[in-house]
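User: Could you walk me through this model with me asking as we go? I would like to begin with a loop and then move on to the helices.
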Amino acid sequence: MKTALLGGLEVSRIGLGTMTMAGMYTSEGALDNAESVRTIHRALDLGVTHLDTAEIYGPFLSEELVGQALKGRRDQVKIATKFGLVSHSGGGPGVVDSSAVNVKAAVEGSLKRLGTDHIDLYYQHRVDRNTPIEETAGAVAELIADGKVLHFGLSEASPATIRRAHAVQPVTALQTEYSLWTRDVEAEILPLLRELGIGFVPYSPLGHGLLTGQIRSVEDFAEDDWRKTNPRFTGENFERNLGIVDEVKAIGAEVGATPAQTALAWLLTRGDDIAPIPGTRRVSRVEENIAADGIELSRDQVDRLNSLRPAAGERHDETSMASIDL
Ligand SMILES: NC(=O)c1ccc[n+]([C@@H]2O[C@H](COP(=O)([O-])OP(=O)(O)OC[C@H]3O[C@@H](n4cnc5c(N)ncnc54)[C@H](OP(=O)(O)O)[C@@H]3O)[C@@H](O)[C@H]2O)c1
């Protein structure tokens, strides 16, 4: 597996997102922890050295599964996790809190669940409007000085926030949505990251599953599936977005790639400082996604993928969009 360089952190250029192992797109009852652990092991066997999780996934289950899977294999991989969406001073899960006190409480739980004495990349999950970013960056700087954290990351942060945080504690990576149908970061964010020497981790690189070509109807989603209320998966938007997938599928077929592999191979053409984290909780899918590392798209194919029309619909519903730092 080729590698990507995120700031000073080297990782496999295809990582593994472990969010769905704890639900989100699946009702709790449908989870299969044993298959999730097998999926992490398979990823490691195939050369993945970058696992992405967060304390809010579950909450806690995703970190627990990562910890379980890495017993005896901790040194093979870089662990990225996130704080700031669980308030440990009474607010609980879903409450945005990046105060220094909360960051220091959160890290102890994550270290314990992950079964490690250090987190390789520790992200603020969402910018906290009630806490100056300097306070949060300062708290992470202290964790770095203590050896509990090696690198600082931000997620869905605006250019102004990135600059302010970076001035206090150099940021290693920004994690924000980026894929064939979500290219907002290309205008301002990616040039800024390159100016500052910060790496980029695209989340939801498969468009929450739509770009895999496996989803043709939202009727199959469970009632509590997050995508049921996502604007891109509803009504006319969904029908229009299926058209994008059909084009991805046709281009990929020219090189024998599945739509998921084509979407990932395209992301890998965007730079050596970009390391996507496709999410899955199944062995067969992790194998398919990792094989994108070996897919070469021609110039003409990349040009055609670049020219695809953007997705119809906002990438999050109104409530989630309100939590994003613009
Ligand atoms: N920083 C943030 O705010 C943020 C937000 C969202 C996600 N993330 C991170 O990014 C990672 C990936 O994002 P994501 O899970 O939202 O979206 P994604 O990677 O775009 O897509 C994941 C979905 O696609 C399905 N899938 C994966 N590979 C497939 C394949 N080859 N064929 C068919 N279906 C496939 C998965 O199903 P199964 O899982 O059932 O296999 C899952 O439903 C997450 O795990 C998380 O670590 C971060």
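User: Is Ser 98 buried or exposed?
Analyst: In this predicted model, Ser 98 is buried, with a relative accessible area of 0%, and its place is in the loop between β7 (92–93) and α3 (100–114).

User: Which residues does Ser 98 touch, leaving out those up to four places away in sequence?
Analyst: Ser 98 touches Phe 83, Gly 84, Val 103, Gln 124, Arg 126, Asp 128, Thr 131 and Thr 136. As for Phe 83, which is 15 residues from Ser 98 along the chain, the two C-alpha atoms are separated by 7.4 Å.

User: Switching to Asn 289, where is that one found?
Analyst: Asn 289 is found in helix α9, which runs over residues 283–290, and Asn 289 is buried because its relative accessible area of 6% falls under the 20% cut-off.

User: And what does Asn 289 touch, again not counting residues up to four places away?
Analyst: The residues touched by Asn 289 are Ile 14, Leu 206, Ala 260, Leu 264, Pro 278 and Thr 280. For another distance, the C-alpha atoms of Asn 289 and Gly 23, 266 residues apart along the chain, are separated by 20 Å.

User: Staying with α9, at what angle does α1 pack with it?
Analyst: Helix α1 (residues 33–45) and α9 pack at an angle of about 25°, and their axes are 8 Å apart. The two helices are therefore roughly parallel to each other, since angles under 35 degrees count as such, and α1 passes α9 in a right-handed crossing.

User: Which residues meet there?
Analyst: On the α1 side they are Glu 35, Arg 38, Thr 39, Arg 42 and Ala 43, and these meet Val 283, Val 286, Glu 287 and Ile 290 in α9. By type, the residues of this contact of α1 with α9 divide into 4 nonpolar, 1 polar and 4 charged.

User: How do α5 and α6 pack, in terms of angle and axes?
Analyst: Helix α5 (residues 159–168) and helix α6 (residues 189–196) pack at an angle of about 15°, with 10 Å between their axes. They are therefore roughly parallel to each other, and the crossing of α5 and α6 is right-handed.

User: Who are the partners in α5 and α6, and how many are charged?
Analyst: Pro 159, Ile 162, Arg 163 and His 166 in α5 meet Ile 189, Leu 192, Leu 193, Glu 195 and Leu 196 in α6. The residues of the contact of α5 with α6 divide into 6 nonpolar, 1 polar and 2 charged.

User: Which residues of α6 are buried, then?
Analyst: They are Ile 189, Leu 190, Leu 192 and Leu 193. These cover an arc of only 160° around the axis, which puts them on the same side of α6. The buried residues of α6 pack against α5, β10 (171–177) and β11 (199–203), and just after α6, Gly 197 takes a positive phi of about 75°.

User: Same question for α10, which residues are buried?
Analyst: In α10, which covers residues 299–306, the buried residues are Gln 301, Val 302 and Leu 305. They cover an arc of only 100° around the axis, which puts them on the same side of α10.

User: Why would such spacing line up on one side?
Analyst: An α-helix has 3.6 residues a turn, so residues three or four places apart point the same way. As for partners, the buried residues of α10 pack against α7 (235–253) and α8 (259–268).

User: Last topic, backbone oddities: which residues have a positive phi although they are not glycines?
Analyst: Among them are Ser 204, with a phi of about 45°, and His 208, with a phi of about 55°. Ser 204 lies in the loop between β11 and α7, and His 208 is found in the loop between β11 and α7 as well. Ser 204 counts as buried at 14% relative accessibility, and His 208 is buried with a relative accessible area of 6%.

User: And where is there a cis peptide bond?
Analyst: A cis peptide bond joins Gly 58 and Pro 59, with omega at about -10°, and Pro 59 is in the loop between β4 (50–52) and α2 (61–69). As background for both features, most residues other than glycine have a negative phi, and most peptide bonds are trans.

Methods:
Residues numbered from 1 in each chain as written. Predicted model: local features only at pLDDT ≥ 70, side-chain atom pairs only at ≥ 80, totals over all residues. Heavy atoms only, no water. Buried < 20%, exposed > 50% of the residue type's maximum accessible area, 1.4 Å probe, protein only. Helix = DSSP H or I, 4+ residues; strand = E, 2+ residues; numbered from the N terminus. Arc of directions from axis to C-beta. Contact = heavy atoms within 4.5 Å. Axes fitted to C-alpha atoms, helices over the stretch in contact; angles between N-to-C directions. Parallel < 35°, antiparallel > 145°, perpendicular 65-115°, else oblique. Left-handed = near helix turned anticlockwise from the far one by under 90°. Nonpolar A, V, L, I, M, F, W, Y, C, P; charged D, E, K, R; others polar.
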